[in-house]
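This report describes one protein model for a reader who has not met it before. The sequence and structure come first, followed by notes on one helix and on the core.

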Amino acid sequence: MPDKNKTAEKPTTPQQTGADEKTKTKKKFYCGGVSLKTILFFTKNIGIMIRSGSTLAEALQVLQLQAKGKFKDILIEVSGKIQRGMSFSDSLAEAPKIFSEMYINIVRIGEESGTLDKNIEYLTSQLEKSY
């Protein structure tokens with residue numbers, strides 16, 4: 001006869017619960033109200049567009065159309081500042097809650113050295129590791 005006072009052990013590992021590691025929901029990380037996924041999407045796509053020969057202004061205009069909410073507003077501001085002659089890194093720096101200091105500095109170094117496409121590719125790989 002089973003002991004009624006004994007509590008059953010609850011499963012704790014994915015194997016015990018039957019859960020698969022791949023089916024676990026990823027946590028969303030936010031930077032100033034914008035998800036890491038959104039920043040990753042932006043970084044990856046702007047890099048692809050620049051490598052394929054688009055100007056920064058053209059790439060930003062295309063990505064503005066795809067963006068939503070707060071991030072769309074930020075891209076409109078960034079694009080406007082670039083059209084008025086501000087550098088990409090300086091325009092990103094005006095949204096410090098969205099773009100980290102490291103992100104901005106890597107973009108700045110890319111602008112100054114002529115390797116913006118490579119630096120954005122590096123940023124993409126670092127964001128993918130974080131995500």
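Just after α6, G114 has a positive phi of about 80°. This is a predicted model, and the helix that comes before G114 is a convenient place to start.

α6 is made of 13 residues. From its first C-alpha to its last it reaches 18 Å, close to the 18 Å expected at 1.5 Å a residue. Its buried residues are Y103, I104, I106, V107 and G110. These lie on the same side of α6, because they cover an arc of only 165° around the axis. The face turned away from that buried side carries the exposed residues E101 and E112. The cover over the buried residues of α6 includes α2, α5 and α7.

The largest nonpolar core has 31 residues. Among its members, F42, I46, L60, F88, F99 and Y103 touch the most others. The helices below each supply at least two residues of this core.

| Helix | Residues |
|---|---|
| α2 | 36-51 |
| α3 | 56-66 |
| α4 | 69-83 |
| α5 | 88-93 |
| α6 | 101-113 |
| α7 | 116-130 |

Which helix gives the most to this core? It is α2, with seven residues.

L60 shows what surrounds one of these core members. Leaving aside neighbours within four places in sequence, L60 is in contact with F42, I46, L75, V78, S79, I82 and F88.

Notes
Residues are numbered from 1 along each chain as its sequence is written. This is a predicted model: local features need pLDDT of at least 70, side-chain atom pairs count only at pLDDT 80 or more; totals for chains, interfaces and linings use all residues. Side-chain values use heavy atoms; hydrogens and water are left out. A nonpolar core is a set of buried Ala, Val, Leu, Ile, Met, Phe, Trp, Tyr and Cys residues joined through side-chain atoms within 4.5 Å. Buried means under 20% relative accessible area, exposed over 50%, partly exposed in between (1.4 Å probe, protein chains only). Helices (H or I, at least four residues) and strands (E, at least two) are DSSP runs, numbered from the N terminus. Contact means heavy atoms within 4.5 Å. The expected span of a helix is 1.5 Å times one less than its number of residues. The arc is that of the directions from the helix axis to the C-beta atoms.
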